[in-house]
Amino acid sequence: MRGIGTIDWFYRWNPPSLALHIQMDSEAVLYGSDESRESTAMVDLLNELGVAFVYRPVNRDPSAMREWEQLDGERVPLLRVGKNTIIRGFDRIKVQQLIGWVGC
């Protein structure tokens, strides 16, 4: 498993065209911490599902910390999609439901 510390804080991953079914019409921002295993797991999940996102490390970036706090950030990871959708903590099922992923 790749350590989250290796991720550039404005990390963007361009999903394959198969991920066009994603029901998100806005940018996804993931607030996380280098010390959080759940943040690493969320990064891996989003990559696995082909979700384009921006990673903001609250432990290294003061502006990311302020944004996270304004979203009532109590824990990481916190995934914000657009202006209205927030998932707090690592929740595989909620992320899959959000993007319309259907498992076998």
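The following paragraphs describe the fold, the sheet, the helix packing and the core of a predicted model.

Residues are numbered from 1 along each chain as its sequence is written, and side-chain values use heavy atoms, with hydrogens and water left out. Because this is a predicted model, local features need pLDDT of at least 70 and side-chain atom pairs count only at pLDDT 80 or more, whereas totals for chains, interfaces and linings use all residues.

The protein contains 3 helices and 4 strands (DSSP runs numbered from the N terminus, with helices being H or I of at least four residues and strands being E of at least two). Read from the N terminus, these elements follow the order β-α-β-α-β-β-α. Of the 104 residues in the protein, 44% are buried (under 20% relative accessible area with a 1.4 Å probe and protein chains only; exposed is over 50%, and partly exposed lies in between). Among contacts (heavy atoms within 4.5 Å) with a separation of 6 or more, 70% join residues 24 or more positions apart.

The strands make up an open sheet of 4 with mixed pairing, in the order β2-β1-β3-β4; two strands are taken to pair if DSSP finds at least two bridges between them. At the edges are β2 (53-57) and β4 (85-88), each of which pairs on one side only. On average, neighbouring strands are turned by 15 degrees against each other, direction ignored (axes are lines fitted to C-alpha atoms, for helices over the stretch in contact, and angles run from 0 to 180 degrees between N-to-C directions).

It helps to walk through the sheet pair by pair. Strand β1 (residues 28-32) runs parallel to β2, and 5 bridges join the two. A28 stands opposite F53 in β2, and A28 also stands opposite V81 in β3. The pairing of β1 with β3 is antiparallel and spans 4 bridges. Strands β3 and β4 are likewise antiparallel, joined by 4 bridges. Here L79 has I87 in β4 as its bridge partner, while V81 is matched with T85 of β4. These two strands, β3 and β4, form a hairpin with 3 residues between them, and G82 in the turn has a positive phi of about 65 degrees.

Helix α1 (residues 37-49) lies across β1, β2 and β3 (78-81), running at about 160 degrees to β1. Helix α3 (residues 92-99) also packs on the sheet, where α3 touches β3 and β4 and makes about 160 degrees with the direction of β4. The 13 residues of α1 reach 18 Å from first C-alpha to last, close to the 18 Å expected at 1.5 Å a residue (1.5 Å times one less than the number of residues). At the N-terminal end, S36 caps α1, with a side-chain oxygen 3.3 Å from the backbone nitrogen of E38. Just after α1, G50 takes a positive phi of about 75 degrees. Within α1, the buried residues are S39, T40, M42, V43, L45, L46, N47 and L49, and their cover includes β1, β2, β3 and α3.

The packing of α1 leads on to the interior. The largest nonpolar core (buried Ala, Val, Leu, Ile, Met, Phe, Trp, Tyr and Cys residues joined through side-chain atoms within 4.5 Å) has 16 residues, and those with the most contacts inside it are L30, L46, F53, L79 and V95. Two or more residues each come from β1, α1, β2, β3 and α3, and α1 gives the most, with 5 residues. Leaving aside residues up to four places away in sequence, L46 touches L30, V51, F53, L79 and V95. There is also a second, separate core of 7 residues, including V29, Y31, V76 and L78.

One charged residue rounds off the picture. R56 lies in strand β2 and is buried, with a relative accessible area of 6%. Its side chain makes a polar contact of 2.8 Å with the side chain of D61 (a pair of N or O atoms within 3.5 Å; within protein, one must be able to donate a hydrogen and the other to accept it, and residues adjacent in sequence count only if both atoms are side-chain atoms). A further polar contact, of 2.9 Å, joins the side chains of R56 and S63.
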